[in-house]
Amino acid sequence: MQLPPALHARLAGAPGAAAPLPVQRDALAGNAPFRFAARQVRFPREHEFFEDGDVQRHLYLQDVITQVAAEPERPRVPEFTCQVAGCCQAFDALEDYEHHYHTLHGNVCSYCRRAFPSGHLLDTHIQEWHDSLFQILAERQDMYQCLVEGCTEKFRTSRDRKQHLVAHHLYPADFRFDKPRKGSRPASQVSTEAAGEDRAPSEGDAMEVCSEHAEAPPEPPRERRVYGHRVPSTICFGQGASRGFKSTKKRSKRP
Amino acid sequence: MWRGRRGLLRPSGCGVEELRCRRREREAALRKARREQQLVSKRLLRDEATEEAEGGRVVVILGEAQIQEFLRLAQRGIEEKERERALVSLRRGLQHPETQQTFIRLEGSIRTLVGLLTSNKALLQLEAARCLHELSHSEQSAVAEACLPATSYLLTYLSGHSSDFIELCLYTLGNLIVESEAVRRQLLPQGIVPALAACIQSPHLTVLEALGYALSQLLQAKEAPEKIIPLVLGSTLPQHILQLLQPGPKLNLGVAVEFAWCLHYIICSQVNNALLITQGALTTLGLLLLDLAAAVQRTEDAGLELLVCPVVRCLSNLLTEAAAETVGGPMHLQDERVLAALFILLQFFLHKQPSLLPEGLWLLNNLTANSPSFCTSLISLDLIEPLLHLLSVSNVVSVLVLTVLCNVAEKGPAYCQHLWPGLLLPTLLDTLALSDTEVVGQSVELLQLLFLYQPGGVCRTQGSNFGVSYCRQTLYRLSHQGSPIIQ
């Protein structure tokens, strides 16, 4: 199929449409036995016209035909350690560090050091756990927002919200990122509770440790253990900065 | 874009002939699946670099006791490296279907895996996600559906920031999506569409490609036109998709391929194409077509047809919408460069993928059917003869070529005047000798139009009445050969 050489130049040229030649149809044109009529055609999804292209698409998905482009090898760098205070994890690839950083240090609550998978969940947590204004408003109106992005429902209590998540959004009843605050403790106590929850000494900044989940005691017994030393909420050591206890070893369980 | 993925466990000594044979088998299987409306494909994301570091691709079948031991170590191990190694061993074992079966039958196994997935240990998280991914890729429904408890977490992690992890979650979700309607019935209320709409703003190409894959799987579902596409059209996804298809230096081929297919599934379902047109779909796709035509001339890049195909389909179907016909408006596709681009692509198809010629010609039909301007361009750009060269490819192609020529001829004498000279008439008469009734029928239609609108002073360029009398003689001969259509 030889294409006229001027065609490539036309493609590279300026946009424009041809001035159409005059159209002049004869009534005899469509007369039987001739039945041609110029018309556009549309094909629906399952039409067999698409078979060949669809098969090519799926061969590609199955990786059989040639790849579209090659990706360069992931570069290794000289070993370096995480710069966050208290964390000494070492890495030799930037992507590994990226994942580590975002998982452990990315969306971390500065009040209680819990890590969250996304900014959205972190914001929700801070609002519901550490904002006293929220508590006041929650007494009078629905403040607990549904956790699913795009759902604008709000609820009176976190329990109602959980029920909504389970019934409406088919979330698991033990969804890990929706731990309710028990009772109406002031925000300050949360920091000690966070320490109490951590089991393994090395997991300083963590949320609840996963492996303990199946056997985690219900929250009330732990609460009883840490009602001792409360810092009044009016005292803040660094203008809202995190109360940085680096190691939870200090925070051993007190009777 | 492609992480050196070379397909499942390809044996090292595989010859070219064996590969071709495998490909033919797969192709046959896919055709059969499509005819039964069961066309489903999963994508496996395996990092070759990691695999090589792990010393080859030996896949070990793990027994119940071994799986339990690995899970125990991963969960309770003291040393982090030890926990990681245990998960890696588990993941490698899960590449085998038998291990997968054993795994899902073990009580608490998925629960433990999900626990590791949501732990705060980055590397354990990744390995747990890889284990889930292996399971999601299984062809056994029971295995894939065993991953369901993890979906709410996979969706939650889409709004995180670790691109590797998100990519893995997306491919896993994509595999689960095609598994069954039951899975989708869970994912939709869990908010998969808003989650994808938020995630599509990621700057990472690997994430975008994975997202495109997952979305294309969602849109391919049987119930998509009623249940899924309206949700997608109501979100910000279409705008982002069109943005990602803008031609230019930032266009990434792998990403574009996925989203072009997404767009195709949306458009051919005909839910609300007018909306897409108001969002500039015609303009974007038209410009992309021009870009692709330029690209196929530049490089021998394998795989461009993977993008050209859905773009052609989208354009062609969109042109049939009423909203596309607003003449003079910005959405109206009238640029004759589109025609130039299409012919360059037709030539490309002819060499690379002849089975896609009908689709290209279908677009040509939709461009020319109601457009005197495009028909004029066909003439002025000297494209009639190249079109005729396609007549020998196949019957389907021939019918389409003749239809396009009829589109031109039916517009009257001013157009036919340009069709008479040249190869058209002799070639047309040759096609009459063919046996395919559709081809012959279309040829006759064209002939009728040519004769009806024959310029006064017939065939001046051919001298005397040669052309007309030759036609008459041929028709006479053919009708006596028993061709009913000619009669």
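Student: What makes Asp335(B) and Arg337(B) a salt bridge?

Tutor: In this predicted model, the closest N and O atoms of Asp335(B) and Arg337(B) are 2.9 Å apart, and because a salt bridge calls for a side-chain nitrogen of Lys or Arg within 4 Å of a carboxyl oxygen of Asp or Glu, the pair qualifies.

Student: Are these two residues buried or exposed, and how do you know?

Tutor: Asp335(B) has a relative accessible area of 15% and Arg337(B) has one of 13%, and since buried means under 20%, both residues are called buried.

Student: Which residues are joined into one network by salt bridges that share partners?

Tutor: That network consists of Glu51(A) and Asp52(A) from chain A together with Arg23(B), Glu27(B), Arg31(B) and Arg35(B) from chain B.

Student: Why is the contact between Glu27(B) and Arg23(B) called a salt bridge, and where do the two residues lie?

Tutor: The closest N and O atoms of Glu27(B) and Arg23(B) are 3.5 Å apart, which is within the 4 Å cut-off, so the name applies. Both residues belong to helix α1 (residues 16–35) of chain B, where they sit four residues apart, about one turn of the helix.

Student: Why is Arg23(B) called partly exposed?

Tutor: The relative accessibility of Arg23(B) is 25%, and because partly exposed covers the range between the 20% limit for buried and the 50% limit for exposed, that is the term that fits.

Student: What does the salt bridge between Arg313(B) and Glu359(B) tie together?

Tutor: The closest N and O atoms of this pair are 2.7 Å apart. Arg313(B) lies in helix α19 (residues 305–319) of chain B and Glu359(B) in helix α21 (residues 357–368) of chain B, so the salt bridge ties together parts that are 46 residues apart in sequence. Arg313(B) is buried, at a relative accessible area of 0%, and Glu359(B) also counts as buried, at 2%.

Student: How many salt bridges are there over all chains?

Tutor: Counted by this rule, there are 28 over all chains.

Student: How many disulfides does the structure hold, and why is Cys109(A) not in one with Cys112(A)?

Tutor: The structure holds zero disulfides over all chains. The sulfur of Cys109(A) is 3.6 Å from the closest cysteine sulfur, in Cys112(A), and because a disulfide needs the two sulfur atoms within 2.5 Å, this pair is too far apart for a bond.

Student: What is the closest cysteine sulfur to that of Cys416(B)?

Tutor: It belongs to Cys406(B), at 9.6 Å, which is too far for a bond. Cys416(B) itself counts as buried, at 0% relative accessibility.

Note on methods
Residues are numbered from 1 along each chain as its sequence is written. Chains are lettered from A and ligands numbered from 1 in the order in which they are written. This is a predicted model: local features need pLDDT of at least 70, side-chain atom pairs count only at pLDDT 80 or more; totals for chains, interfaces and linings use all residues. Side-chain values use heavy atoms; hydrogens and water are left out. Buried means under 20% relative accessible area, exposed over 50%, partly exposed in between (1.4 Å probe, protein chains only).
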